[in-house]
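The following exercises concern a protein chain and its ligand. Please study the sequence and the structure before reading each worked solution.

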Amino acid sequence: MSLKILSVKKSVPQKIVSNEDLAKFLDTNDQWISSRTGIKNRHICTSESLVDLCEDAVKKAVEQAGIAFSDIDLVICSTLCGDYLMPSLACCVCERIKISCPAFDINAACSGFIYALDIADGYISTGKANNILIISAEMMSKLVDWTDRTTCVLFGDGAAACIVTKGNAIRYLKLTAKGDTNLLSFPVGTGNSPYKETRSNGFVNMQGQEVFKFAVFMIESQSKLAFEKLNITADDIDYFVLHQANKRIIESARTRLKQPEEKFPINIQNYGNISSVTIPLLLDEMLEDGRIKKGTRLFLSAFGAGLTTGTCVMIWE
Ligand code: ACO
């Protein structure tokens with residue numbers, strides 16, 4: 001592998017929606033949501049567009065990396081759905097920050113950030129790019145059904161941007177996709193074609209318990225593969241930076257890996273599940289508070305619709 005992360009910065013909408021706020025219009029309560037998921041609050045877009053959040057995160061990430069916008073030679077944006085289906089969110093970002101370079105979106109659901117790292121590695125190792133802007137950005141609030149208490153309480157909105165460049169930080173990276181549309185999906189609406197025989201409007205739908213089992217199984221099995229390949233054990237990892245979908249999933253994984261609580265950072269209480277944003281957002285916070293520094297050994301793991309997974313071991317440079 002051939003890259004390192006130079007900077008990571010987040011941007012979240014201003015409005016914070018608490019579990020109590022949701023209980024005002026849904027048959028739910030703080031006790032149910034926080035005990036089943038660990039979530040207390042989430043940030044939800046009001047006036048902000050997704051590209052607004054991206055622009056804010058990108059400006060901070062570029063400044064932290066100490067590069068100019070014009071040094072960016074590729075933009076990869078991980079998103080389930082940008083502000084437009086076309087053009088891509090990556091192109092909208094280019095317009096905002098006035099750069100011109102190859103730019104495209106990818107959708108690997110919640111595993112998107114690790115998928116983007118893998119694509120970036122391909123570009124850097126072949127010399128096709130030097131400074132790549134990776135953005136994860138999600139507006140889950142426009143994808144969920146706000147009358148469905150089983151899904152809308154779980155998600156939040158936000159973005160995170162990072163600059164990656166040539167380096168040796170990544171020691172292992174593996175992607176998988178099972179090929180599944182049953183457990184977690186968002187069917188796109190059918191438009192108004194006079195020829196379409198059935199009509200539908202999409203919302204996120206999920207078989208929560210099955211996704212839960214898949215997530216716990218895959219974190220354990222994929223970590224085993226990674227550790228065997230690197231000839232290390234879980235004890236050699238400083239932090240397990242896992243997709244923040246449910247605190248109980250993270251705790252189950254921790255128990256199986258027999259590791260102490262402090263090695264599994266959690267911030268889902270403040271943001272909910274922001275799909276592919278959760279991992280870079282957590283990295284930003286861990287860099288800010290000093291938990292991550294040069295030499296810190298990280299295990300990243302995500303799972304999402306598809307069913308996709310991404311697993312990465314890196315030593316921070
Ligand atoms: N408030 C109150 N009650 C609720 C709520 C709510 N918000 N939602 C569901 N319930 C009720 C159900 O109706 C059900 O009631 P019943 O027993 O009368 O039928 C009861 O609570 C239990 O429902 P379950 O679905 O069995 O609850 P479970 O313990 O499985 O928790 C949850 C649900 C939180 C979704 C859990 O299954 C989960 O987290 N799964 C993983 C989800 C996940 O990781 N998703 C993201 C993956 S990919 C991505 O990030 C996009």
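**Exercise 1. Describe the secondary structure and the overall dimensions of the protein chain.**

Solution. The model is predicted. Step one is to list the secondary structure: the protein chain has nine helices and 13 strands. Step two is to compare the radius of gyration with the globule rule: the value is 19 Å, close to the 20 Å that the rule gives for 317 residues, so the chain is as compact as a globular protein of that length. Step three concerns the extent of the chain: along the principal axes, its C-alpha atoms fill a box of roughly 50 × 50 × 35 Å.

**Exercise 2. Determine which polar atoms of the protein lie close to N or O atoms of the ligand, using a cut-off of 3.5 Å.**

Solution. Begin with the backbone. A polar backbone atom of Arg-149 is 2.9 Å from a nitrogen atom of the ligand. For Gly-208, a backbone N or O atom lies 2.9 Å from a ligand nitrogen atom. Turn next to a side chain: Asn-273 places a polar side-chain atom 2.6 Å from an oxygen atom of the ligand. Finally, consider the area: the ligand taken alone exposes 1,000 Å², and the protein buries 74% of that.

**Exercise 3. Characterise the site of the ligand and the shell around it.**

Solution. First, locate the site: the ligand takes up the space of the largest pocket. Second, identify the elements that give two or more residues to the shell, namely α2 (30-37), α6 (208-230), α7 (247-257) and β12 (297-304). The largest share, four residues, comes from α6. Third, sort the shell by class: 12 residues are nonpolar, nine are polar and four are charged. Fourth, name the nearest of the 25 residues around the ligand: Thr-28, Arg-36, Cys-110, Asn-246 and Asn-273.

Key:
Residues are numbered from 1 along each chain as its sequence is written. This is a predicted model: local features need pLDDT of at least 70, side-chain atom pairs count only at pLDDT 80 or more; totals for chains, interfaces and linings use all residues. Side-chain values use heavy atoms; hydrogens and water are left out. A residue is near a molecule or strand if one of its heavy atoms lies within 4 Å of it. A polar contact is a pair of N or O atoms within 3.5 Å; within protein, one must be able to donate a hydrogen and the other to accept it, and residues adjacent in sequence count only if both atoms are side-chain atoms. Accessible areas come from the Shrake-Rupley method with a 1.4 Å probe; for residues, only the protein chains shown count as cover. On a 1 Å grid over the protein atoms alone, a cavity is a set of points where a 1.4 Å probe fits but cannot get out, and a pocket is an open set with protein on both sides within 12 Å along at least five of seven lines; lining residues have an atom within 4 Å of a point. A molecule sits in a cavity or pocket if more than half of its atoms lie within 2 Å of its grid points. Ala, Val, Leu, Ile, Met, Phe, Trp, Tyr, Cys and Pro count as nonpolar, Asp, Glu, Lys and Arg as charged, and the others, Gly among them, as polar. The radius of gyration is taken over C-alpha atoms; the globule rule is 2.2 Å times the number of residues to the power 0.38.
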